[in-house]
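Q: Please take a close look at one part of this model, and follow its contacts outward into the rest of the fold. Careful wording and explicit cut-offs would be welcome.

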Amino acid sequence: MAEENHEATYAEFKEVVNMTASALQKHLKGDGSQSVGQKKDGGEATGHQEGRRIVEMLNKKKADLSDDDYSHMRKVVGYVHRHLKQGGPKDKDEVKDSPWRLSLMNWGHDPSK
């Protein structure tokens, strides 16, 4: 049963995380990435922290993923789906540098793809 859930979770994760590990890492180093999201005590934003964890998971072999990784994948899938439903700027020209897109990209999803 857990194996089936892992397969479904992995498939959903790979569907919503449409950025490669290297593309996500590059994004996380940019100013835009660090300018968005909720920050606790002025520290690193939650999404930025999540992005680093996603890079780690993307760099792992599927056989090396832990139950904790799969649980985290479900969190990522849920966040991306909720954030997409909120919708971004109506004007397509405003989407590129919008906090909405930059935040989604911190979680490994580029809505412009």
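A: Asp69 is a good place to begin, and its place is in helix 5 (residues 67-86), where a helix is a DSSP run of H or I with at least four residues, numbered from the N terminus. The model is a predicted one, in which local features need pLDDT of at least 70 and side-chain atom pairs count only at pLDDT 80 or more, while totals for chains, interfaces and linings use all residues. Residues are numbered from 1 along each chain as its sequence is written, and side-chain values use heavy atoms, with hydrogens and water left out.

Asp69 has a relative accessible area of 3% and is therefore buried (buried means under 20% relative accessible area, exposed over 50%, partly exposed in between, with a 1.4 Å probe and protein chains only). The side chain of Asp69 reaches the backbone nitrogen of Ser66 at 3.0 Å. Once residues up to four places away in sequence are set aside, Asp69 touches Arg53, Met57, Lys60 and Asp64, contact being heavy atoms within 4.5 Å.

His72 is also found in helix 5, and with a relative accessible area of 11% this residue is buried. Under the exclusion of residues up to four places away in sequence, His72 touches Glu50, Arg53 and Met57.

Further along the helix comes Tyr79, which counts as buried at 16% relative accessibility. A search of the whole structure finds 1 aromatic pair, and this pair is formed by Tyr79 and Trp107, stacked at 4.0 Å centre to centre with 15° between the planes (rings of Phe, Tyr and Trp, the last by its six-membered ring, pair if their centres lie within 6.5 Å, and planes under 30 degrees apart count as stacked). Because Tyr79 lies in helix 5 and Trp107 in the segment after helix 7 (99-106), the pair ties together parts that are 28 residues apart in sequence. Trp107 is itself buried, with a relative accessible area of 5%.

Helix 5 also matters to the nonpolar interior. The largest nonpolar core has 23 residues, of which Phe13, Val17, Ile54, Val76 and Val80 touch the most other members; such a core is a set of buried Ala, Val, Leu, Ile, Met, Phe, Trp, Tyr and Cys residues joined through side-chain atoms within 4.5 Å. Helix 1 (2-16), helix 2, helix 4, helix 5 and helix 7 each supply at least two residues of this core, and helix 5 gives the most, with 6 residues. Leaving aside its neighbours within four places in sequence, Val17 is in contact with Ile54, Leu58, Val76, Trp107 and Gly108.

Helix 7 packs against helix 5 through its buried residues, which also pack against helix 2, helix 3, helix 4 and helix 6 (92-95). Since 7 of the 8 residues of helix 7 are buried, this helix is largely enclosed by the rest of the structure. Helix 7 is followed by Gly108, whose phi is positive, near 90°.

Helix 2 (residues 21-29), for its part, has the buried residues Ala21, Leu24, His27 and Leu28. Seen down the helix 2 axis, these buried residues fall within an arc of 125°, so they line one face of the helix, the arc being that of the directions from the helix axis to the C-beta atoms. They pack against helix 3 (31-34), helix 4 (46-59) and helix 7, whereas the face turned away from the buried side carries the exposed residues Ser22, Lys26 and Lys29.

Key. A polar contact is a pair of N or O atoms within 3.5 Å; within protein, one must be able to donate a hydrogen and the other to accept it, and residues adjacent in sequence count only if both atoms are side-chain atoms. Rings of Phe, Tyr and Trp (its six-membered ring) pair if their centres lie within 6.5 Å; planes under 30 degrees apart count as stacked, over 60 as edge-to-face and the rest as tilted.
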